Amino acid sequence: MASVKKNIILNGINTISGIIFPVITFPYAARILSPDGIGAVNFLNSVISYIILLTSLGIPLYAVKEIAKYRDDKQNRDKVTVEIIILTTALCLLGYIGVWLLARFVPQIHSQSGLFYLLSLSIIFNSLGVNWFYQGIEDFKFITIRAIIVRTLAAAALFIFVKNHSDLFYYGIIIVASTVGNNILNFTHLRKHIGFSNIRFRELNFTRHISPALQVFAFNLITSLYIQLNSVMLGFISGDTETGYFTAGTKITHIALTFIVSIGTVMLPRCSHLLKAGDMESFSSVINKSLRLTLGLSLPICFGLILLAPPVTVIFCGPEYIPAIPVVYFNAPVIIFISITNVMGIQILFPMDKIRLVIWSVSGGAAVNLILNFMLIPPFGAIGAAVSTFFAELAVLLIQIIWGKEYYPFKISALFQPSYIIATLTMICAVAAICFITGDIVMQLIFGTLFGAFVYFGTLTVMKDSLCLEMLSAIKRKL
């Protein structure tokens, strides 16, 4: 079994490649397809995401936990894997009934039904992707190598085939192909782990997974409500252009957030395994390190992004996306909120089978998001959706802090790490000085990022932060 550090490094490489891919491709696509083109794709993709959510029934997250529990019991692990594959395949076929109904009777979708049908291919390949299996057995090496290959091919295809605004369909093909490539490799590679010939299909009972998966489904449904709902409501109320601005602003913050939240991808199977084994001491140690690492990354990224929002938006998306800058301002703090709830909800409460508490917290966030969307999107468009997201994620965090504090292996005061706060304040001064000295947006972004990171980690080193020193020591040993 690979170490947590190795898994975090591998998943970090995978995440960094996932960050580099949109950094390279999205600015190009945003300029070629314009806000209305990007908005149209994101609107249709958001609808497809809801269908995938309904057809997956919360199984992917549930399956990671189940595979991790039976990681050392191959017979049960193989049986569970096949049962879940059968269940997800049957459910995804029902999803295509919804695809046809939407494309046939909803005017906004019917007018772009060809692109919608194309993007819907993600549904069936999502059900066959079995990414949850590799996460459960902690095979992050395969996940990383596969992802880098597919992303490289997808990036090359984008630059070759998407040349002007009329190539929106090709852009949709590339989006789907990146998913298809990943999932085909996942499924074909599965036979190296699963002995299908040894499975007695008469003994399979895939329906037993429906009830526990439904709880995870409720969590995913409500979470997606205020993740995808913003784009869907913007598409219906304010049109493709406002959706494009919101997409650009959230894309920027999502890139930063992806790296931090990816830690939870590694920690969930490990935490589930430790709890199953009853090793609470190791569980507590792993969680506390994960919390410190999460806070140590989310704080500087959040405030650095706020300071550098204008140059990041203009360079990343183009000058026509300047209205997306306020979206970045309101979305940046969400990085901190989601990072903390990822530790408390996904790494602690979910493995402890306290999923109902997580559901209640995201229900509160969804209610806040829905109400504020109806109030703020009509007059403010993309900015209104961003404000709604800010308060929705804050509500989720506060509910989990208040209701779940008895289950956390740390005190709530641990969320306020003095060393990280002081280092972040020092970094803010450094980045603000760079932005004041130079008016060139490229120089602001380059030197602001590099100098800000140097000042932040330099401050932590001077303060002798334990986690920072441990990371530096590990790097020195590798070198």
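User: What is the relative accessible area of Leu101?
Analyst: This is a predicted model, in which local features need pLDDT of at least 70, side-chain atom pairs count only at pLDDT 80 or more, and totals for chains, interfaces and linings use all residues. Residues are numbered from 1 along each chain as its sequence is written, and side-chain values use heavy atoms, leaving out hydrogens and water. Leu101 lies in helix α3, helices being DSSP runs of H or I with at least four residues, and strands runs of E with at least two, numbered from the N terminus. Leu101 is partly exposed (buried is under 20% relative accessible area, exposed over 50%, partly exposed in between; 1.4 Å probe, protein chains only), its value being 40%.

User: Which helix gives the largest share of the nonpolar patch?
Analyst: Leu94, Ile97, Trp100, Leu101, Phe105 and Tyr117 make up this surface patch, with about 640 Å² of accessible area together (Shrake-Rupley method, 1.4 Å probe). Members have over 30% relative accessible area, nonpolar side chains within 5 Å of one another and no salt bridge, that is, no Lys or Arg side-chain nitrogen within 4 Å of an Asp or Glu carboxyl oxygen. Five residues of the patch come from one helix, residues 74-105, which is α3.

User: Which residue lies over the face of Phe105?
Analyst: A charge counts as over a ring if NZ of Lys or CZ of Arg is within 6 Å of the ring centre and within 35 degrees of the ring normal. At 5.3 Å from the centre of the Phe105 ring, the residue is Arg104.

User: How many helices does the chain have?
Analyst: The chain has zero strands, and 54% of its 479 residues are buried. Its accessible surface comes to about 21100 Å², of which 70% belongs to carbon and sulfur atoms. The number of helices is 19.

User: At what angle do the ring planes of Tyr245 and Tyr321 lie?
Analyst: Eight aromatic pairs are counted in total. The ring centres of Tyr245 and Tyr321 lie 6.3 Å apart, and the pair is edge-to-face because the planes stand at 90°. The pair joins Tyr245 in helix α11 to Tyr321 in the loop between α13 and α14, 76 residues apart. Pairs need ring centres within 6.5 Å, with planes under 30 degrees apart stacked, over 60 edge-to-face and the rest tilted, and the angle here is 90°.

User: Is Tyr321 buried or exposed?
Analyst: Its partner Tyr245 counts as buried at 13% relative accessibility. Tyr321 has a relative accessible area of 0%, and therefore it is buried.

User: Why is the pair of Phe337 and Phe390 edge-to-face?
Analyst: The two ring centres are 5.5 Å apart, and the pair counts as edge-to-face because the planes stand at 65°. Phe337 in helix α14 and Phe390 in helix α16 are 53 residues apart. Both Phe337 and Phe390 are buried, and they form one aromatic cluster with Phe391. The deciding value is the angle of the planes, 65°.

User: How many of the nine residues of α13 are buried?
Analyst: Among the buried residues of α13 are Val312, Val314 and Phe316. The helix is followed by Gly318, whose phi is positive, near 115°. α13 is largely enclosed by the rest of the structure because its buried residues number seven.

User: Which residues does Thr424 touch?
Analyst: Thr424 belongs to helix α17 and is buried, with a relative accessible area of 4%. With contact meaning heavy atoms within 4.5 Å, and residues up to four places away in sequence not counted, Thr424 touches Leu299, Pro300, Phe303 and Tyr456.

How values were computed: Rings of Phe, Tyr and Trp (its six-membered ring) pair if their centres lie within 6.5 Å; planes under 30 degrees apart count as stacked, over 60 as edge-to-face and the rest as tilted. Patches are made of residues with over 30% relative accessible area and no salt bridge: like charges are joined within 9 Å, nonpolar side chains (Val, Leu, Ile, Met, Phe, Trp, Tyr) within 5 Å.
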